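Please take a moment with the sequence and the model that follow, and then read on for a guided walk from the inside to the surface.

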Amino acid sequence: MTLNCVIIDDEPLAGQLLTSYARKTPFLNLIGTYNSAVAAIKDIKENKIDLIFLDIQMPELSGLEFATLLPKTCKIIFTTAFSQYALDGYKVNAIDYLVKPISYDDFLKSANKALDWFSSIDALKADSKDRFVFVKSEYKLVQIRYDDIMYIEGLKDYVKFYLENQKPVTSLINMKTIEEILPSPEFLRIHRSFIVHMTKVKLVDRFRIVFGENYLPISESYKDEVQKYLDNHTVV
């Protein structure tokens, strides 16, 4: 597997060092090195970028701010001189966090973490090509058919699958992993706590998705994507 990556760092020497590291790492395909997040936006939109080595303290747009604008398929390894940003980095689902000065050994370990993550997601997608997935629930493996899912609720370290004409199934897995596995836009994240099977939606009331007596809120972060889906399936 090869990962397309970019490097964003406003310090020229740091950018050059990371560029040399990326070029000698066999599974990384370096698309470009940029001195600001703004300069990188065009190429990130036009290319399928898997991984970004992203500095945090930069002019115009900080790395943490930029991370919130990236597509869910794009993963981040933060690079910075300030270790106090580590917690914020993980809040935006960073794969890893490297503190400068960065050795090649540390760079390679982080890059391998990203490779392992993408490989595991690919394996899960391959296993679920028949439109079902097995999840662990109460020490058993339970088959969840995509066509049975109405919506999924995130509960801290667990997710709860609400199924059509069946009891819900709870599993120790995170929402991000499930979101990556399920086909989009058939399944859409509408809120940090909810993923919805859009073909099962019968009613949208004041920008809330209704399943019986349950009203699922659509948050600002996911509003545009949901609205686009609804517009594409609305006759006026």
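Two strands are said to pair if DSSP finds at least two bridges between them. In this predicted model, β1 pairs with strand β2, which covers residues 28-34, and the two run in the parallel sense over six bridges. Within this pairing, N4 stands opposite N29 in β2.

Strand β1 is itself mostly covered, with six of its six residues buried. Its residues point in two directions: L3, C5 and I7 go one way, while N4, V6 and I8 go the other, and all of them are buried.

The nonpolar interior can be followed from here. The largest nonpolar core has 21 residues, and those with the most contacts inside it are V6, I8, I44, I52, L54, F66 and F78. Two or more residues each are given to this core by β1 (3-8), α2 (37-46), β3 (51-55), α3 (63-67) and β4 (75-80). Apart from this core lies another, of 20 residues, which includes I7, Y21, L51 and I102. Returning to I8, and leaving aside residues up to four places away in sequence, one finds that I8 touches Y34, S36, A37, A40, I44, I52, F53, L54, D55, M58 and F66.

What, finally, makes up the nonpolar surface patch of about 290 Å²? This patch is made by L155, Y158 and L172. Of these, L155 lies in strand β8, which covers residues 149-155, and L155 counts as partly exposed because its relative accessibility is 34%, a value in between the limits of 20% for buried and 50% for exposed.

Note on methods:
Residues numbered from 1 in each chain as written. Predicted model: local features only at pLDDT ≥ 70, side-chain atom pairs only at ≥ 80, totals over all residues. Heavy atoms only, no water. Core = buried A, V, L, I, M, F, W, Y, C linked by side-chain atoms within 4.5 Å. Buried < 20%, exposed > 50% of the residue type's maximum accessible area, 1.4 Å probe, protein only. Helix = DSSP H or I, 4+ residues; strand = E, 2+ residues; numbered from the N terminus. Contact = heavy atoms within 4.5 Å. Patch = residues over 30% accessible without salt bridge, like charges linked within 9 Å, V, L, I, M, F, W, Y side chains within 5 Å. Areas by Shrake-Rupley, 256 points an atom, 1.4 Å probe, with all protein chains shown as cover. Salt bridge = Lys/Arg side-chain N within 4 Å of Asp/Glu carboxyl O.
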